[in-house]
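Colleague: I should like to learn how to read a surface feature of a protein model. May we look at one together?

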Amino acid sequence: MEILGEGIEWGTIAYSLVAFTVLMLIIGKFALKPLMGVMEKRQNQVNDDLDNAEKSRVEAEKYLEQQREELKAARVQAQETLEQASKMSEQQSREVLENAKQEAERIKEAAVQDIEREKEQALESVRDQVASLSVAIATKVIEKELDEKEQQKLIDSYLEEVEAK
């Protein structure tokens, strides 16, 4: 090979550039594109899961509103019962009032428990999804770092072989 200038071997440099370019094209085609496809699928799944979580939250709010309406209806019913009971004996009015209060409290407690349960389930689902996504992202980052090191080792090895020749 011809040596020009200050000890620069232009043939070796050109050969190294062509080899490096081919290597980069192969890596881009067989590693980068599939990796980007997987990342896009995971992003779509996370977006779907977030949409589902939002739907669950909206449903929980609707359920809470429904329970509030039922509680209002129960209070109205208790008031009507109280008015009717006041016309009767005092003992009967106390019993009706006590029953209405207990029923309203039971409905309220049941609604609060149901809402808390649904809220915890939605939060747990979001936590699980975030944890899965974090593990997947960390795995991809680690794989990418390993591939770059292996690439550098391959390039260094190739350059040593070329220099030896």
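Modeller: Let us begin with the term patch: it is made of residues with over 30% relative accessible area and no salt bridge, where like charges are joined within 9 Å and nonpolar side chains (Val, Leu, Ile, Met, Phe, Trp, Tyr) within 5 Å. A salt bridge is a side-chain nitrogen of Lys or Arg within 4 Å of a carboxyl oxygen of Asp or Glu. Accessible areas come from the Shrake-Rupley method with a 1.4 Å probe. This is a predicted model, in which local features need pLDDT of at least 70, side-chain atom pairs count only at pLDDT 80 or more, and totals for chains, interfaces and linings use all residues. Residues are numbered from 1 along each chain as its sequence is written, and side-chain values use heavy atoms, without hydrogens and water.

Colleague: Which residues gather in a patch of negative charge on the surface?

Modeller: Glu9, Asp156, Glu160, Glu161 and Glu163 do so.

Colleague: Which helix gives the most to the negative patch?

Modeller: Helices (H or I, at least four residues) and strands (E, at least two) are DSSP runs, numbered from the N terminus. Here helix 2, residues 90–164, gives the most, with four residues. The protein chain has two helices and two strands, in the order β-β-α-α from the N terminus.

Colleague: Is Glu163 buried or exposed?

Modeller: Buried means under 20% relative accessible area, exposed over 50%, and partly exposed in between. Glu163, placed in helix 2, counts as exposed because its relative accessibility is 67%. Gln77, in helix 1 (residues 10–87), is likewise exposed, at 52%. Of the 165 residues in the protein chain, 12% are buried.

Conventions
Lys and Arg count as positive and Asp and Glu as negative; His and the chain ends are not counted. The place of a charge is taken as NZ of Lys, CZ of Arg, CG of Asp or CD of Glu. Buried means under 20% relative accessible area, exposed over 50%, partly exposed in between (1.4 Å probe, protein chains only).
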